[in-house]
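Notebook open, coffee at hand. I'm going through this one strand by strand and jotting down what I look up.

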Amino acid sequence: MEQWGGLCCTGAAALYLLSRRTARDVDFLTSATRVDHLKDLESSKVLPSMIIAVSGVVGSETPIKCEHSDILAVILQETAAQHFLKRNWKFSWVQDTAFMLPVSKEVPWFLDDGTGRVIVEGAQSAIGFALTAGAEVLEKPEPSSLLRGTLDYLRGLKMLGIRRVERVLPIGTPLTVVGQTIKDGVGDVKIQKPDQGRPFYVSPIPLDQLISNAGKWSRRFKKASMGLAIVGVIMISMPVIQHILMRTGDLLETRRQQRLLQRRRDADAASNRERAAAGREEVVAEEGAVICAAA
């Protein structure tokens, strides 16, 4: 019981720290300078190392054309898995999968809101960043020679094909970015991950909703932390509570027995008094009878 209580308290501490961190993220998002028009980034009001929040759609001068979906994208991640049948020790054919090395491509890209552009760097490590599904295809194996097919069969293999999955960041995707501004050698403004361990957001969610969501999670983590802490303290204190309850029960039982004993004593005393009174009445009656007889 104490071990589980310790785990609950540890979990409560972790949730509390997570709540504090999420609350700091709320403060970070709230304090970011909102840039309503990207053309304003070219003005002197936007300084290097400034934390800003911008919105726009994804664009690039040299987009990637995806091979299987024909989507124009700025980031492409392709995973591949080879599917085949193999013979097990029972000489039955079972399906198996071998994963191949993933392929990742990214070209320079920017956000565009119609008034200006800002280059985004390092988005794949940002909070809220996610790629969308592009295409999923199954490539059938090419016809192999009779010798190769025979060798595979003797090795206990039958090739089924290669399944390729594309995940992309397409051109035209609306994004909100909260990060730190820098200027390159030619004076162009870029936005990237802030220094000093501050968060970096690249998300399809608008800024106000990001702040609202972070605040909700902070409150949820705090409430869960308090609940786990209470449960943990109760579980750790359970032996003490049980001991106190046992001592209290013993004390109450002792007092109950004492009250019963006192009641019995009082009842015996009252019975003795009644018998004594009855005896005195009998003596008086006998004396009266003797007096009457003598008279």
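**Strand β4 and its partners**

I started with a single bridge: Thr79 has Val165 in β10 as its bridge partner. Worth keeping in mind throughout: this is a predicted model. Zooming out from that bridge, I found β4 and β10 running antiparallel, with 13 bridges between them.

Next I looked up what else β4 pairs with. Strand β5 (residues 93-99) is joined to β4 by seven bridges, again antiparallel. I picked out one of the residue pairs here: Phe84 is bridged to Asp96 in β5. The two strands make a hairpin with five residues between them, and Phe91 in the turn has a positive phi of about 65°.

Strand β6 (residues 103-106) pairs with β4 too, in the antiparallel sense, over four bridges. Here I noted Ile75 opposite Glu106 in β6.

Then β3 (residues 64-65), which pairs antiparallel with β4 over two bridges. Lys65 stands opposite Leu72 in β4. This is also a hairpin, with six residues between the strands, and Asp70 has a positive phi near 60°.

**The cores**

Which residues touch the most other members of the largest nonpolar core? I got Val54, Trp109, Leu111, Phe129, Leu169, Val177 and Val202, out of 29 residues in that core. The elements giving two or more residues to this core are β2 (51-59), β4 (72-87), β8 (117-120), β10 (157-170), β11 (174-183) and β12 (189-192). β4 gives the most, with four residues. So the strand I'd started from turned up here as well, as one of the contributors to the core.

I followed Leu169 further. Setting aside neighbours within four places in sequence, Leu169 is in contact with Val58, Ala73, Val74, Ile75, Trp109, Phe129, Leu131 and Leu175. Two of the names on that list, Trp109 and Phe129, are also among the residues that touch the most other core members. Ile75 is there too, the residue I'd already noted opposite Glu106.

A separate core lies apart from the largest one: 12 residues, including Val26, Phe28, Leu29 and Ala214. General reminder to self: in soluble globular proteins, nonpolar side chains tend to be buried together.

**A look at Ile236**

Ile236 sits in helix α3 (residues 207-294). Is Ile236 buried or exposed? Neither, as it turns out: its relative accessible area is 36%, so Ile236 counts as partly exposed. That also explains why Ile236 can't belong to a nonpolar core, because a core takes only buried residues and buried means under 20%.

I also checked a long-range neighbour. Ile236 and Cys9 are 227 residues apart in sequence, yet their C-alpha atoms are 9.3 Å apart in space.

**Rings**

How many aromatic pairs does a search of the whole structure find? I found one. I also logged a charge over a ring: the charged end of Arg220 sits over the ring of Trp217, 5.1 Å from its centre.

**Whole-chain numbers**

Last, the totals. The chain has three helices and 13 strands. Of its 295 residues, 28% are buried. Of the contacts between residues at least 6 apart in sequence, 73% join residues at least 24 apart. The exposed area comes to about 19,600 Å², with carbon and sulfur atoms supplying 58% of it.

Terms used: Residues are numbered from 1 along each chain as its sequence is written. This is a predicted model: local features need pLDDT of at least 70, side-chain atom pairs count only at pLDDT 80 or more; totals for chains, interfaces and linings use all residues. Side-chain values use heavy atoms; hydrogens and water are left out. A nonpolar core is a set of buried Ala, Val, Leu, Ile, Met, Phe, Trp, Tyr and Cys residues joined through side-chain atoms within 4.5 Å. Buried means under 20% relative accessible area, exposed over 50%, partly exposed in between (1.4 Å probe, protein chains only). Contact means heavy atoms within 4.5 Å. Two strands pair if DSSP finds at least two bridges between them. Rings of Phe, Tyr and Trp (its six-membered ring) pair if their centres lie within 6.5 Å; planes under 30 degrees apart count as stacked, over 60 as edge-to-face and the rest as tilted. A charge sits over a ring if NZ of Lys or CZ of Arg is within 6 Å of the ring centre and within 35 degrees of the ring normal. Accessible areas come from the Shrake-Rupley method with a 1.4 Å probe; for residues, only the protein chains shown count as cover.
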